Amino acid sequence: IIETTDEISDVHAPNMSAAAKQRTTCSEDSDDDGQTWLTNAFREIHNSPNLDEDLCCVLQAFGESDSDARGVASLDPDGGVDDLDMVLQRKISTELLDEIDEDQASMFGRRFISVSNLLKDSVAGEVTTKQMLRLALNRRTAQILSTDDPVLSKRKALRIRALVDFIWSQSLLLGLKDDPTAQGNPTLLEMVEQLEMYSKASKRYHQFYPGFYHATIEGTTKDFGPVHINILRIDPGKCKMKCIDARVVDTDLSALSKKYGAIAAISGGFFLYSEPDIVLPSKRTDPVGLLCSDGHIDGPPVFERSTLHQTGSQPVAIGVIGMEGMTCKFRYQKHYFGGISTIEFGLTVGGVQGDVQCVDRSKAAVVNVGKVKKGKHRKDEVAFVIVGKQVIQVMKLGLVKVPLAGFVLIFPAVSLPAGVE
């Protein structure tokens, strides 16, 4: 699984046949033949019966050409440097301090060294898949940490995290191709069917409370590699779901379960963490996406992702929920001598004429607000910049930066009720 964000645009898998045949241009980090570690790796992959062509695509992630393939041109992952992995770990722990705190930087360094150690492989007279992946891990790590690109130099933490996760996940998938017995493994779907997990009558399910069942799936699949999956199965109507912000209560899931008398508990995910441009009112560990508790929406469904939800007494369901058709309600207050006037109004995304737009970071980093044409008419636009439940900025003309975990609501000025300035 590759965990990434829209901020990272250089993890990709180019056309394999093109990658396999590509001859890249020479750079300053080349050997006597004018080749870099990337072109030397391509040559080895093409000439070796033991290396899969998919390696070409993996090695080109984070840089397709020789100009992006800096470092020693040999295929030695350590490049002749003693304890290079330890050196890179220390650099990660210090270089990332401009973007993330010390604990996170140290954790990223530990993740790097763990993957590097797991990929250490030595077969006399043979270049292995693990060696190639460790080569890419070390060279790309050094490349990311040393970049002076004005944009990428501010995203080192994101890219290091993505690189380490990407290389490790690919090592598992490519390792299956190297294993002659792996082709006999089932796909994940086949494994689920073989274990009869569709039915709660399966012997793998353990009923730990009336209507509540738990099971695990473990093994190696043909399509996803090694898997360890926990399954919580609940009979319809037996569950009332409650979402809790554990940051202000107790982050110990077992203790939290006992406190609320929960039958089962699952830790949530997807929150702001190592993004370089977290600004107030957002803060690190803020949840991203739809978060609703006891009927109150604490976080709007900005990115239109899959959700686990429950409406009233209905069974729990999984579905995609986005901002389209969502009504944003506002309370406008004006202070004047002798009192406060309050006006409440709502704006529905899409609107009757589709004139209320919602722009999040996945669509644009900046939007231009101002006078626009619509048919033969012109209309004045207004933009509300929203994070969580707060309107943090109002614009009528000019460029507006889209918040990292919020959105910009753009609508005609005539949509505002009388009295709202």
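Two strands are taken to pair if DSSP finds at least two bridges between them. With that in hand, the hairpin of β1 and β2 makes a friendly place to begin: two residues lie between its strands, and G211 takes a positive phi near 90 degrees there. The model described here is predicted, and every value below was computed from its coordinates.

The protein holds nine helices and 17 strands. Of its 421 residues, 40% count as buried. Among contacts between residues at least 6 apart in sequence, 61% join residues that are at least 24 apart.

The hairpin of β1 and β2 belongs to an open sheet of three strands, in which the order is β1-β2-β3 and the pairing is antiparallel. The edges of this sheet are taken by β1 (206-209) and β3 (225-234); each has a single partner strand, so one side of each is left without a neighbour in the sheet. Neighbouring strands here are turned against each other by 25 degrees on average, direction ignored. As general background, the strands of a sheet pair through backbone hydrogen bonds, in either a parallel or an antiparallel manner.

The two pairings in this sheet can be followed bridge by bridge. Between β1 and β2, which run antiparallel, there are three bridges. Y209 has F212 of β2 as its bridge partner. Strand β2 (residues 212-221) is in turn joined to β3 by ten bridges, and these two strands also run antiparallel. Along this second pairing, H214 stands opposite L232 in β3, while T221 faces G225 of β3. The connection from β2 to β3 is a hairpin that passes through three residues.

A further hairpin is formed by β8 and β9. These strands pair in the antiparallel sense over ten bridges, and H335 has I340 of β9 as its bridge partner. Two residues lie between the strands of this hairpin, where G338 takes a positive phi near 105 degrees.

Aromatic side chains add another layer to the picture. In total, seven aromatic pairs are found in the model. One of them is the pair of F330 and F345, which is stacked, with 5.3 Å from centre to centre and 25 degrees between the planes. It links distant parts of the chain, given that F330 sits in strand β8 (residues 327-336) and F345 in strand β9 (residues 339-348), 15 residues apart. Are these two rings buried or exposed? F330 counts as buried because its relative accessibility is 11%. F345 counts as buried as well, because its relative accessibility is 12%. The cut-off behind both assignments is a relative accessible area under 20%. Ring pairs also connect F330 and F345 with F384 and F411, so that the four residues are linked into a cluster.

A second open sheet contains four strands in the order β10-β17-β14-β15, with antiparallel pairing. Its edge strands are β10 (357-360) and β15 (390-395), each of which pairs on one side only. From one strand to the next, the twist averages 25 degrees. Strand β14 (residues 381-387) is joined to strand β17 (residues 407-412) by six bridges, and the two run antiparallel. In this pairing, V385 has V408 of β17 as its bridge partner.

Turning to the helices, two packed helices are described by the angle between their axes and the distance between the axes. Helix α4 (residues 84-95) and helix α5 (residues 102-118) have axes that come within 7 Å and cross at roughly 160 degrees. Angles over 145 degrees count as roughly antiparallel, and α4 and α5 are therefore roughly antiparallel to each other. The crossing in which α4 passes α5 is right-handed. On the α4 side, the contact is made by D85, M86, L88, Q89, I92 and S93. On the α5 side, the contributing residues are A105, S106, F108, G109, R110, F112, I113, S116 and N117.

Key: Residues numbered from 1 in each chain as written. Predicted model: local features only at pLDDT ≥ 70, side-chain atom pairs only at ≥ 80, totals over all residues. Heavy atoms only, no water. Phe/Tyr/Trp six-rings, centres within 6.5 Å; stacked < 30°, edge-to-face > 60°. Buried < 20%, exposed > 50% of the residue type's maximum accessible area, 1.4 Å probe, protein only. Axes fitted to C-alpha atoms, helices over the stretch in contact; angles between N-to-C directions. Parallel < 35°, antiparallel > 145°, perpendicular 65-115°, else oblique. Left-handed = near helix turned anticlockwise from the far one by under 90°. Contact = heavy atoms within 4.5 Å.
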